[in-house]
Amino acid sequence: MTQKNETTVLVLALLITTGLIGLGFWWFTSNTGDKTENLTNQTDQSHLKTFTQVKNVPRGLFSYGGSTTWATIRRDLDPAIQTVWPQFRLRYTQPNQGNPSTGSGIRMLLDNQLSFSHASRPIVDQEYEQAKQRGFTLVEIPVAIDGRAIAVHPSLNIPGITIQQRDDIYAGKITNWNQLGGPNLSIKRYAVQGDEGENLEIVPTPTEAIRKVAEDPAGMFEASAPLLVSQCKVKTLPLGRNSNQLIPPYKLPLVPLSECPSKRNEANTEAFLTGEYPLTRRLFVVVKKNNQIDQQAGEAYANLLLTEQGQEMIEKAGFVRIR
């Protein structure tokens, strides 16, 4: 090969190599830039103060459903969101059969009846698997902490129960209130759904369960503390990890039922926050991750709740803010 030809080959090789390096650099910076931008947007979304600052709020009518625990949150939250984002229209949707719950909300989400859902428990493996079979994934975004309380008839005279005693009631090992220092009455549990065992009655709504306990000296019903502690016809029991440290689910001093409804007890959010109260759980927005507008709606809704304005409204509703 002549020197001229060798020079030509070397120049072409150098040009090709330079081009490949340039193309690689462009690809790397472009993709890195996108990832950085996405990360920056997520970070920005997590430190916003008001609803007006939330980005990527879609336009349209979006149905959601799920846990009844969220009732006091959405009662005030939805109108506030609609005031700021009137094009982001929200519609709470109940199941065609059965009662609203975390499980029914996720089922409706899986069946494309909802854009996103409210949950008061984590997604279970079976629900993850069902979503995978339908070609998308479910994502749970925590937005608040809730305390669970046990409501009983006002005449039940016991100081409270431990978590172990509560578990023994559910397991059928404790069946009478006299085993806990109370009257000789067989414990009657009420639940909305998703429970089983002896001396259990399933009722359609939390309101019905509260009414049943108010009429039944042997009754008990476990539900969200903000719902139960404010009731006028039942009382809630202090709970503890041991009998020497029973923590009330309500703020002290206790408001006597005789002063209700002019005054009402409030949830002991400080004890829920510190973990001193032993029975708490997280509340989630469940999002359908499918790169479509439903995902955008669910993520926007969660981002609205995670703003300072949204967290203040969650706190006002009797739940613990996580930011």
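A salt bridge is a side-chain nitrogen of Lys or Arg within 4 Å of a carboxyl oxygen of Asp or Glu. Keep that rule handy for the exercises below, which all use this predicted model.

**Exercise 1. Decide whether Arg-211 and Glu-215 form a salt bridge, and describe where the two residues sit.**

Step 1. Start with the general idea: side chains of opposite charge can pair when their charged atoms come close.

Step 2. Check the distance. The closest N and O atoms of Arg-211 and Glu-215 are 3.0 Å apart, and the cut-off is 4 Å. Arg-211 and Glu-215 therefore form a salt bridge.

Step 3. Locate the partners. Both Arg-211 and Glu-215 belong to helix H6 (residues 206-215), where they are four residues apart, about one turn of the helix.

Step 4. Look at accessibility. Exposed means over 50% relative accessible area, buried means under 20%, and partly exposed lies in between. Glu-215 has 55%, so Glu-215 is exposed. Arg-211 has 37%, so Arg-211 is partly exposed.

**Exercise 2. Explore further salt bridges in the model, beginning with Lys-263 and Glu-259.**

Step 1. Apply the same rule. Lys-263 and Glu-259 meet through their side chains at 3.9 Å, N to O. Glu-259 is partly exposed, since its relative accessible area is 32%.

Step 2. Now turn to Lys-288 and Asp-294, whose side chains form a salt bridge at 3.7 Å, N to O. Here, both Lys-288 and Asp-294 are buried.

Step 3. Some salt bridges share partners: Arg-148, Arg-166, Asp-167 and Glu-222 are joined into one network in this way.

Step 4. Finish with the total: the rule gives a count of 16 salt bridges.

**Exercise 3. Find the disulfide, and work out how its two cysteines are placed.**

Step 1. Test the sulfur atoms. The S to S distance of Cys-232 and Cys-260 is 1.8 Å. The cut-off is 2.5 Å, so this pair is a disulfide. The count for the model is one disulfide.

Step 2. Trace the chain. The disulfide links distant parts of the chain, with Cys-232 and Cys-260 lying 28 residues apart. Cys-232 is in the loop between helix H7 (225-228) and strand E9 (235-236), while Cys-260 is in the loop between strand E10 (239-240) and helix H8 (269-274).

Step 3. Read the handedness. The angle about the S-S bond is -60°, and the link is left-handed.

Step 4. Classify both ends. At 23% relative accessible area, Cys-232 is partly exposed. Cys-260, at 14%, is buried.

**Exercise 4. Explain why helix H3 (residues 102-110) is described as largely enclosed.**

Step 1. Count the buried residues. Eight of the nine residues of H3 are buried, so the rest of the structure largely encloses this helix. Among them are Thr-102, Ile-106, Met-108 and Leu-110.

Step 2. Identify the cover. The buried residues of H3 are covered by elements including strand E1 (60-66), strand E3 (116-119), helix H4 (125-133), strand E4 (137-152) and strand E11 (280-289).

Step 3. Examine one covering strand. Seven of the 10 residues of E11 are buried, so E11 is also largely enclosed by the rest of the structure.

Step 4. Follow the pairing of E11. E3 and E11 run antiparallel and are joined by four bridges, with Ala-119 opposite Phe-284 in E11. E4 and E11 also run antiparallel, joined by 10 bridges, and Asp-146 stands opposite Arg-281 in E11.

Step 5. Look just past the helix. Right after H3, Asn-112 has a positive phi of about 60°.

Terms used
Residues are numbered from 1 along each chain as its sequence is written. This is a predicted model: local features need pLDDT of at least 70, side-chain atom pairs count only at pLDDT 80 or more; totals for chains, interfaces and linings use all residues. Side-chain values use heavy atoms; hydrogens and water are left out. Buried means under 20% relative accessible area, exposed over 50%, partly exposed in between (1.4 Å probe, protein chains only). Contact means heavy atoms within 4.5 Å. Two strands pair if DSSP finds at least two bridges between them.
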